[in-house]
Amino acid sequence: MTDTILNFVNIHKIFAAEGIDFTALRNINLQIRKGEFIGLSGKSGSGKTTLLNVAGLIDPPSIGDLFIKNINIKNITDNELSLIRAQEIGYIFQTFNLLPLLSALENVEYPLMLLNLAEEERIERAHAALKKVSLENFTHHRPSQLSGGQRQRVAFARAIVKNPTLILADEPTANLDTKTSDEVFELLMRLQQDLKVTVMLCSHDNDLISRTHRQITIVDGQIAGEVTK
Ligand SMILES: Nc1ncnc2c1ncn2[C@@H]1O[C@H](COP(=O)(O)OP(=O)(O)OP(=O)(O)O)[C@@H](O)[C@H]1O
Ligand SMILES: [Mg+2]
């Protein structure tokens with residue numbers, strides 16, 4: 001299908017830990033289409049982060065094929081992979097992963113450094129992204145001067161600033177209190193709709209997962225069920 005952006009074909013991920021192989025993903029077959037909002041759930045250790053890392057071209061599959069926009073990642077160089085990551089994929093983490101010495105604006109501008117854009121355009125886009133997350137008055141604040149919710153909003157701005165095809169969010173609300181978690185999730189839903197970007201989110205919060213459009217449950221490294229709203 002033309003609007004499939006990620007296609008997992010018989011993917012396994014095997015880690016070798018202390019000489020013993022451990023299969024963290026087993027026979028994953030999954031097509032992710034443009035504009036989908038996917039919620040991954042599953043117990044701790046079930047393989048959610050491993051799946052997001054494979055989807056994000058951070059960790060290659062051990063067995064099977066991963067296609068991004070019909071390109072088999074086995075057939076391209078590391079430099080080409082890095083460029084796809086830099087252009088197409090925004091990453092959001094539980095612990096925000098902002099650079100502490102940089103301002104909000106500089107943190108958001110940072111991923112654009114890999115894209116060969118003029119400084120003026122980088123700064124303009126970083127301002128626009130911070131405005132989308134309502135942080136236009138916090139551009140010069142460093143992460144330590146921001147609340148948890150504000151930090152995660154900076155991380156959202158950093159993810160959207162490159163106009164990615166895909167956003168991967170690994171437990172983005174787990175370090176926030178319930179009210180802030182709800183606000184941050186609402187923002188993610190709004191960004192997903194406005195930008196028509198594909199989002200793959202994993203969370204232990206079943207309430208949040210139930211609000212995504214396609215819910216996938218992982219059990220012991222396998223897709224155990226799927227519900228589409
Ligand atoms: N680099 C690694 N080396 C060895 N084993 C790993 C590695 N990364 C993950 N694993 C194992 O793979 C399994 C899946 O881990 P993963 O981090 O994907 O789980 P998860 O579903 O994200 O859990 P959580 O909800 O706690 O974040 C676990 O048993 C973990 O120990
Ligand atoms: Mg995890």
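**Around ligand 1, and out to the sheets**

Modeller: Let's start at the ligand: α1 gives the most to the shell around ligand 1, with three residues. Helices (H or I, at least four residues) and strands (E, at least two) are DSSP runs, numbered from the N terminus. This is a predicted model, where local features need pLDDT of at least 70 and side-chain atom pairs count only at pLDDT 80 or more, while totals for chains, interfaces and linings use all residues. Residues are numbered from 1 along each chain as its sequence is written, with chains lettered from A and ligands numbered from 1 in the order in which they are written.

Biologist: What makes residues count as being around ligand 1?

Modeller: The test for a residue is a C-beta atom, placed from the backbone, within 6 Å of the molecule. Among those that pass are Phe15, Phe22, Gly42, Lys48 and Thr49. Two or more residues come from each of β1, β2 and α1.

Biologist: How many residues of each class does the shell around ligand 1 have?

Modeller: There are four nonpolar, seven polar and one charged. Ala, Val, Leu, Ile, Met, Phe, Trp, Tyr, Cys and Pro count as nonpolar, Asp, Glu, Lys and Arg as charged, and the others, Gly among them, as polar.

Biologist: Why are β2 and β5 said to stand at the edges?

Modeller: Two strands pair if DSSP finds at least two bridges between them. The order in this open sheet is β2-β1-β4-β5, with antiparallel pairing. β2 (20-33) and β5 (71-72) each have a single partner strand, so one side of each is left without a neighbour in the sheet.

Biologist: What makes β4 and β5 a pair?

Modeller: Two bridges join β4 (residues 63-68) to β5, which meets the minimum of at least two. One residue pair is Ile68 with its bridge partner Ile71 in β5.

Biologist: Which strands does β3 join by bridges in parallel, and how many bridges are there?

Modeller: β3 (residues 37-41) runs parallel to β9 (residues 214-219), joined by four bridges. Gly39 has Gln215 as its bridge partner in β9. Both strands belong to an open sheet of six, ordered β6-β7-β8-β3-β9-β10, with mixed pairing.

Biologist: Why is the protein chain called as compact as a globular protein of its length?

Modeller: The globule rule is 2.2 Å times the number of residues to the power 0.38, and the radius of gyration is taken over C-alpha atoms. For 229 residues the rule gives 17 Å, and the chain's radius of gyration is 17 Å, so the description fits.
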